[in-house]
Amino acid sequence: MPHPYYALPLRLDEVLQHRQHPTCSLPQSIAQNLYLMLTTHFAESRFDASFGCSLWDEDFSNQTNSRWKEDIRQSIETSVAAHEKRLVQVRVRVDLVDQEIQLSRTNRRVKRRLSVWIDGLLMRTNEPFSFQRSLFLAPLSTE
């Protein structure tokens with residue numbers, strides 16, 4: 001059975017040439033949507049100003065504050081509840097660590113790494129679902 005969800009990035013050039021757009025499974029589609037939520041700031045999306053999370057707003061704020069992690073976790077949890085209806089019983093965990101990055105043989109840099117875990121159940125099948133991504137902060141970037 002073919003997968004009914006479109007894979008990202010959208011390839012409109014393929015559609016305009018009447019080719020089949022790449023598809024993906026339900027868990028892959030949910031993971032793509034969660035990643036978009038993490039990397040989108042509020043009001044960036046024209047179709048819904050509430051899509052995204054506060055991570056972009058908090059990127060350069062004082063991350064050593066224990067309240068910072070809880071605020072980010074709550075923002076992600078609220079966004080997932082509002083924008084990913086294919087998941088139920090969602091639990092969000094975040095962790096912030098310093099990670100040394102090797103820029104060259106002699107040059108190293110320490111960056112803050114935010115790891116996000118989102119677990120829940122697929123609404124359609126009641127199967128467990130897990131998602132994990134890490135983002136580097138100040139400035140925000142992916143691995």
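This passage describes salt bridges and aromatic contacts in the structure.

The model is predicted, so that local features need pLDDT of at least 70 and side-chain atom pairs count only at pLDDT 80 or more, while totals for chains, interfaces and linings use all residues. Residues are numbered from 1 along each chain as its sequence is written, and side-chain values use heavy atoms, with hydrogens and water left out.

Nine salt bridges are present in the structure, a salt bridge being a side-chain nitrogen of Lys or Arg within 4 Å of a carboxyl oxygen of Asp or Glu. Arg11 forms one of them with Asp13, at 2.7 Å from N to O, and another with Glu14, at 3.7 Å from N to O. Arg11, Asp13, Glu14 and Arg19 are linked in a network of such bridges. Within this network, Glu14 counts as buried because its relative accessibility is 16%, whereas Asp13, at 37%, is partly exposed (buried means under 20% relative accessible area, exposed over 50%, and partly exposed in between, with a 1.4 Å probe and protein chains only).

A search of the whole structure finds one aromatic pair. The ring centres of Phe47 and Phe51 lie 5.8 Å apart with their planes at 45°, so the pair is tilted (rings of Phe, Tyr and Trp, the last by its six-membered ring, pair if their centres lie within 6.5 Å, and planes under 30 degrees apart count as stacked, over 60 as edge-to-face and the rest as tilted). Phe47 is exposed, at 68% relative accessibility, whereas Phe51 is buried, at 7%.
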